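Dear colleague,

I am handing over the structure below, together with some notes on what was found in it. Please read the notes with the model open beside you.

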Amino acid sequence: MGASRSKRERRSAQSLPDQPAPRRSRWIAVTAVVLVLALLAAGITLMATGFLAAHVTAASVAGHELTGAMFSYFYRDAYNTFASQNPMAAQTIDPTLPFDQQVYNQEQNMTWADYFLDEAAKTAADTLRVYDAAMAAGFTLSETSEQTLESNRTSLESIASLMPSYADGDAYIRASYGRGCDVDSYLEYARIRTIANDFAEQYRADLSYSAETIQATYAANPQDFDTVSYKIFYSSVVVGKNDDGTVQADMDASRANAERMAEECRGDIDRFNEMTVELAAESKKSTYSDPNFSLREDTTVSSANEILRDWLADPARQYGDTVCLQADERGYYVGFFIDYKDNSFPLASLRAIAFRAYASEDNPDDPDGMKAALARGQEAFDTFEAGARTAEAFDALAEGKTSYDPVYAPYLPGDLDGAVDDWCYDQERSPADYALLRGSTGYYLVWFDGYDGGSYRDHLVDEQLRSADYDAWYESVASGEPARLHATGVLFMSK
């Protein structure tokens, strides 16, 4: 009987309906939910305030752990660099919207945030490796660089004070670079970048080459340093398209046009410019209406048009010579020779003050601003001419009128303006000459110091050697894998 009752009790217990959970268990469940919500709210708050971006690692490289805030500087500067180097492409990006909401490559499912993160990872790795090399070498910043860094804090606070939307410099930096960023961390980033950049620049500046090395380098390949100026036109009479979509041209007609042009234009550059428009296809006439489109000026012989190169380099070549040579299976080139330079002329030293012209539609009497620029330049010229007319007097006059050192030693062709080049390298130029020159963007008050003894050709050779050695050194120091990104830290960044 006892055993039978025990079985009935067990069956009865198994058939009972579910019982309400004890109050204690229900309280624990509610407490857990509340705790999760509280932690979630705290996480959102910490993320919004930038605490997590300022403390969680977003990237690591070469023993450096970069928080989301620190890596944000490399990230945003990757965009700034891209925008300055690719202004047209940058117009497709809206800087007011998060980059991770803008498509960079549809096929690869990449956003602009992905692209800039990759670029930042490369730049951070290069920068930190060079920075480490600088520290290992005991490198110290120059007084000028130190002063610039020290003034950054004041500058940031001053900028913020001029903008009502920013309470202080920290707010300005956060608006520019993202969550967790502030003036202190930005200045730390700026110091790292400055040390790396200055160390690399000093290495390049300290490279030197003997006169024998420079002469031997030039002799081995003069076409890398000699330059040529010429005009070129492609004559092609298109009559249709082939089955594969390539252009079909009448080669006889193309050659006839090219030969006629070479004959008619010999010695007459204006006629060459006219005939480029006459013989160009309708779709190209407006392009060739600009004479500069067909001009190749001061191009190294080694980078000149391959078909025309030997003809251009012939020592017998003289201004106005023309030639007709087959370019390909669709047309012919017509070449017009202007000049050939071995660039052995001595380099000059120059002092200059620029008076920029500022265009304004509000001033119909001086829309391009050149009259105002001339007035400022003439005032300075008259002041200088009435004084001692010395290099020291010129420097004193430059004080407050220019934000850069007015001394160019040496002055390289192209440093300022073509008008300055022509004046400076005029064969009749003498030390202590001065003038007020009209340039393409304003006026220049210039003073000629004389020649520093080197030649422009030596400078070009030196630059080639220096660039090659510097690039090899930089590659040896900075090469390596990009910074490794940490998904959690990157998540807390402003992208």
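Strand β1, residues 57–61, runs antiparallel to strand β2, residues 64–67, and 4 bridges join the two in this predicted model. Along this pair, Thr 57 stands opposite Thr 67 in β2, while Ser 60 has Glu 65 of β2 as its bridge partner. The two strands form a hairpin with 2 residues between them, and in that turn Ala 62 has a positive phi of about 50°.

The hairpin belongs to an open sheet of 3 strands, in the order β2-β1-β15, whose pairing is antiparallel. At its edges lie β2 and β15 (484–485), each of which pairs on one side only. Helix α4 (residues 68–85) packs on this sheet and touches β1, β2 and β15, with its direction making about 85° with that of β2. Helix α6 (residues 112–136) also packs on the sheet, where it touches β1, β2 and β15, and its direction makes about 135° with that of β2.

Next comes the nonpolar interior. In soluble globular proteins, nonpolar side chains tend to be buried together. The largest nonpolar core here has 63 residues, and Phe 71, Phe 116, Ile 173 and Tyr 186 are those with the most contacts inside it. At least two residues of this core are supplied by each of β1, α4, α6, α7 (143–161), α8 (169–177), α9 (183–206), α10 (211–220) and α18 (456–478), and the largest share, 13 residues, comes from α6. If you would like one residue to start from, consider Tyr 186, which touches Tyr 73, Leu 156, Ile 173 and Tyr 177 when residues up to four places away in sequence are not counted.

Helix α18, one of the contributors to that core, has 23 residues and reaches 32 Å from its first C-alpha to its last, which is close to the 33 Å expected at 1.5 Å a residue. Its buried residues are Tyr 456, Val 461, Asp 462, Leu 465, Arg 466, Tyr 470, Trp 473, Val 477 and Ala 478. The helix is followed by Gly 480, whose phi is positive, near 150°.

A second group of strands deserves a separate look. Strand β10 (residues 331–341) is largely enclosed by the rest of the structure, because 8 of its 11 residues are buried. Strand β5 (residues 227–235) runs antiparallel to β10 and is joined to it by 9 bridges, with Ser 229 standing opposite Asp 339 in β10. Strand β9 (residues 322–328) is likewise antiparallel to β10, through 6 bridges, and Leu 325 has Tyr 333 of β10 as its bridge partner. Between β9 and β10 there are 2 residues, and the two strands form a hairpin.

Finally, is Asn 305 buried or exposed? This residue is found in the loop between β8 (295–300) and α14 (309–313), and it counts as buried because its relative accessibility is 17%, the cut-off being under 20%. The side chain of Asn 305 reaches the backbone nitrogen of Ile 307 at 3.0 Å. Leaving aside neighbours within four places in sequence, Asn 305 is in contact with Tyr 230, Ile 232 and Tyr 333, and this Tyr 333 is the β10 residue that is the bridge partner of Leu 325.

With best wishes

Terms used
Residues numbered from 1 in each chain as written. Predicted model: local features only at pLDDT ≥ 70, side-chain atom pairs only at ≥ 80, totals over all residues. Heavy atoms only, no water. Pairing = 2+ DSSP bridges. Helix = DSSP H or I, 4+ residues; strand = E, 2+ residues; numbered from the N terminus. Buried < 20%, exposed > 50% of the residue type's maximum accessible area, 1.4 Å probe, protein only. Contact = heavy atoms within 4.5 Å. Axes fitted to C-alpha atoms, helices over the stretch in contact; angles between N-to-C directions. Core = buried A, V, L, I, M, F, W, Y, C linked by side-chain atoms within 4.5 Å. Polar contact = N/O pair within 3.5 Å; in protein donor to acceptor, adjacent residues only side chain to side chain. Expected span 1.5 Å × (residues − 1).
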